[in-house]
Amino acid sequence: KPRPSLDLAGTAEFLKSGACKSVYVLTGAGASTGAGIPDFRSPGGMYDSLRPELITATEAQRKRMRMDPVNVVMKDMFFQNQFPYLEVRRPFILGTQQQQWKATLTHWFMRFLEEEGLLKRLFTQNIDGLDYQTGISPELVTNVHGSLARVSCEGCGYEMPFDDFCAQVRTNVKDIYRTDPTAPAESSNINCPRCNAPLVKPNTVLFGGSLPSAFFEQLDDLNGADLLIVAGTSLVVSPANSVVMYVAKDCLRLIVNKEPVGQDLGIRYGKDATRDVWAGEVSCDEAFLDLIKMLGWQDKVRKIKHL
Ligand code: OAD
């Protein structure tokens with residue numbers, strides 16, 4: 001295989017060369033911040049803006065969340081009390097129902113890769129569904145942390161229509177961010193219509209829950225990748241982050257993230273790099289726009305109606 005130069009231009013050359021036939025992508029919350037959805041771990045992100053004192057929970061639960069805000073998406077916490085999760089996620093759940101956010105250039109880039117016959121799989125940790133707005137083939141997308149497309153009871157498995165669930169979120173769950181004047185002042189249970197347990201939630205993966213089996217089955221395919229693009233993820237959450245280790249030892253890896261990530265997973269930057277490229281301290285959208293220009297794909301961008 002020709003050895004591309006380890007920069008964005010080299011990556012673009014490789015993509016154009018014909019030698020690169022198989023591209024895999026892993027995205028995280030940073031792929032959607034350009035659409036206005038906060039990520040998890042950046043300043044101002046979900047964990048930073050958690051406000052444990054406002055969440056309906058016992059003092060012990062609040063203490064746990066102060067120690068580590070990730071507890072808000074822990075399965076055992078949800079089983080004790082559905083509200084910390086629902087209250088924090090309320091604007092997000094309702095925003096996705098209203099299709100408040102639009103796919104960014106980053107999401108579109110994945111669709112362009114598919115159009116060029118290059119995209120073999122998009123692994124996304126995101127549950128916002130923006131990937132699908134571009135018309136990307138759903139069978140190429142793996143929702144590693146589940147999705148909002150379905151809502152079900154964690155207890156009995158009953159599936160509740162998403163719009164019915166949203167109607168109850170609107171009327172039963174208080175708005176800790178105080179952006180919705182119609183929200184109730186206090187939260188009241190959302191019970192499963194079948195078993196009555198207060199355990200209904202979107203089919204997203206909580207910490208302590210299991211990932212879709214398809215994810216584990218698809219990991220081995222990564223061995224055939226010529227290029228892995230990692231975009232907008234801190235790469236700290238396992239097993240999603242193991243995607244970077246399943247590609248072959250000589251597979252080019254392009255990291256598009258405001259800061260270099262994944263050093264503990266063996267990604268090497270700068271003079272230590274042998275097959276890793278960092279797009280630099282730029283946003284995902286800026287980096288993918290640069291790449292689009294280098295690839296001569298500007299016409300594809302002109303055809304997008306909403307950006
Ligand atoms: P994080 O919030 O951990 O990481 C987002 C990364 O994207 C950070 O490194 C940011 O610097 C970077 N970033 C943010 N905006 C960017 C932009 N516009 N351009 C470039 N980089 C940007 O989000 P994830 O890695 O997706 O899981 O988090 C992984 C998982 O942790 C989530 O799926 C969620 C969370 O807890 C569960 O809830 C199970």
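Trainee: Which residues are the closest to the ligand?
Mentor: Good place to begin, and keep in mind that this is a predicted model. The ligand is surrounded by 27 residues. The closest of them are Gly28, Gly30, Phe40, Thr233 and Ser234.

Trainee: How many residues in the shell around the ligand are polar?
Mentor: Let's go through the shell by class. Four of its residues are charged and ten are nonpolar. Glycine counts as polar here, and the polar residues in the shell number 13.

Trainee: Are α5 and α9 parallel or oblique to each other?
Mentor: Two packed helices are described by the angle between their axes and the distance between the axes. Helix α5 covers residues 105-115 and helix α9 covers residues 284-295; their axes are 8 Å apart, at an angle of about 40°. Angles under 35 degrees would count as roughly parallel, so α5 and α9 are oblique.

Trainee: What class are most residues in the contact of α5 with α9?
Mentor: From α5 come Leu105, Thr106 and Phe109, while α9 brings Cys284, Asp285, Phe288, Leu289 and Ile292. One residue of this contact is polar, one is charged and six are nonpolar. The class you want is nonpolar.

Trainee: Which helix gives the largest share of the largest nonpolar core?
Mentor: That core has 50 residues, and those touching the most other members include Val25, Leu228 and Ile255. Leucine 228, leaving aside neighbours within four places in sequence, is in contact with Tyr24, Val244, Val247, Cys251 and Arg253. The largest share of the core is six residues, and they come from α5.

Note on methods
Residues numbered from 1 in each chain as written. Predicted model: local features only at pLDDT ≥ 70, side-chain atom pairs only at ≥ 80, totals over all residues. Axes fitted to C-alpha atoms, helices over the stretch in contact; angles between N-to-C directions. Helix = DSSP H or I, 4+ residues; strand = E, 2+ residues; numbered from the N terminus. Parallel < 35°, antiparallel > 145°, perpendicular 65-115°, else oblique. Contact = placed C-beta atoms within 7 Å. Near = placed C-beta within 6 Å. Core = buried A, V, L, I, M, F, W, Y, C linked by C-beta atoms within 7 Å. Buried ≥ 20, exposed ≤ 12 C-beta atoms within 10 Å, placed from the backbone.
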